[in-house]
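Work through three short exercises on cores and pockets. Keep the sequence and the 3D view open side by side.

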Amino acid sequence: MTNAPFNRSHFERGYIKFAVHAKPVSLQNDRVKRAAFNRQLQEVTSQSEYIITDTCWVAIDYYCQHVKREKNPGVYDIDNIIKPILDGLIGDKGLVVDDVIVSRVTVNWIDSPHDDHFEVEIQYPELMFSRKEDLIFVKSPSGWCFPSSRSLIQDSGYMALMQSYFTIWDSIASEGDYHNSVINLPRQNFIYYVKIRDKGFQFIDLAATNYDAPRRAVL
């Protein structure tokens with residue numbers, strides 16, 4: 001059974017909050033220490049069956065004893081704990097496909113009598129998420145990817161629709177082009193392949209398919 005903070009009902013409300021009983025690391029720590037922290041964080045996030053695929057906001061509360069923060073010459077700058085935490089949240093073992101979809105980050109230090117730990121809150125206004133085991137990215141010849149599901153890619157009409165979407169997306173060269181085309185594009189954002197190629201996801205190459213564009217289709 002999915003851990004309580006990661007139940008489907010939480011994802012359907014667009015709000016996830018969970019605690020990690022570990023001290024954050026700094027971006028300036030060595031690679032070994034950052035990797036160990038990443039594993040600690042993903043021991044928690046890997047309990048989730050679901051992953052967020054579109055725009056989200058991340059809030060981090062770092063709980064630490066006041067005296068440890070105020071009287072420690074080596075205390076972390078609060079901005080330096082952000083990137084290691086975001087790195088632990090992304091990929092197939094995380095909760096977010098990539099930090100490129102994170103549009104807002106807030107971080108707070110909170111006085112606590114307990115051992116160092118932190119809480120993460122993620123909100124995603126578009127309510128876009130997927131079951132991890134179902135998620136597969138459709139990859140276009142231009143390198144853009146679209147999150148989809150294993151069942152949908154079996155539908156030739158759906159794949160033809162994907163071809164038409166990628167054609168529109170590839171034609172956009174300016175802000176004006178985007179605003180003129182957005183009405184014909186899905187709400188879900190496209191993500192560039194190089195951003196997610198090493199995150200543990202699977203891809204299907206649209207170039208290997210040959211579907212005719214549908215006469216009429218609505219996503």
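The exercises below use a predicted model.

**Exercise 1. Find the largest nonpolar core and the elements that build it.**

Step 1. Start with the centre of contacts. The largest nonpolar core has 40 residues. Those with the most contacts inside it are Phe18, Ile85, Leu89, Val96 and Ile122.

Step 2. Assign elements. At least two core residues come from each of E1 (15-20), H2 (31-45), E2 (50-52), E3 (56-64), H4 (82-89), E5 (117-123) and E7 (135-139). E3 gives the most, 5 residues.

Step 3. Look beyond this core. Another core, of 13 residues, lies apart from it. Its members include Val138, Met162, Phe166 and Leu206.

**Exercise 2. List contacts of Phe18, leaving out residues up to four places away in sequence.**

Step 1. Take the partners earlier in the chain: Pro5 and Phe6.

Step 2. Move on along the chain. Phe18 also touches Leu41, Val44, Thr45, Leu89, Leu95, Phe118, Glu119 and Val120.

**Exercise 3. Describe the lining of the largest pocket, then that of the second largest.**

Step 1. The largest pocket holds about 360 Å³ of space. It is lined by 16 residues, with Met128, Phe146, Pro147, Leu152 and Gln188 closest to its centre.

Step 2. Strand E8 (144-149) supplies the largest share of that lining, 4 residues. The lining splits into 10 nonpolar, 5 polar and 1 charged.

Step 3. The second largest pocket has a volume of about 170 Å³. H2 and H4 each give two or more residues to its lining. Here the split is 1 nonpolar, 3 polar and 7 charged. Lys83, Asp87 and Asp198 are among the lining residues.

Technical notes: Residues are numbered from 1 along each chain as its sequence is written. This is a predicted model: local features need pLDDT of at least 70, side-chain atom pairs count only at pLDDT 80 or more; totals for chains, interfaces and linings use all residues. Side-chain values use heavy atoms; hydrogens and water are left out. A nonpolar core is a set of buried Ala, Val, Leu, Ile, Met, Phe, Trp, Tyr and Cys residues joined through side-chain atoms within 4.5 Å. Buried means under 20% relative accessible area, exposed over 50%, partly exposed in between (1.4 Å probe, protein chains only). Contact means heavy atoms within 4.5 Å. On a 1 Å grid over the protein atoms alone, a cavity is a set of points where a 1.4 Å probe fits but cannot get out, and a pocket is an open set with protein on both sides within 12 Å along at least five of seven lines; lining residues have an atom within 4 Å of a point. Grid points are joined across faces, edges and corners, and a volume is the space filled by probe spheres set on the points. Ala, Val, Leu, Ile, Met, Phe, Trp, Tyr, Cys and Pro count as nonpolar, Asp, Glu, Lys and Arg as charged, and the others, Gly among them, as polar.
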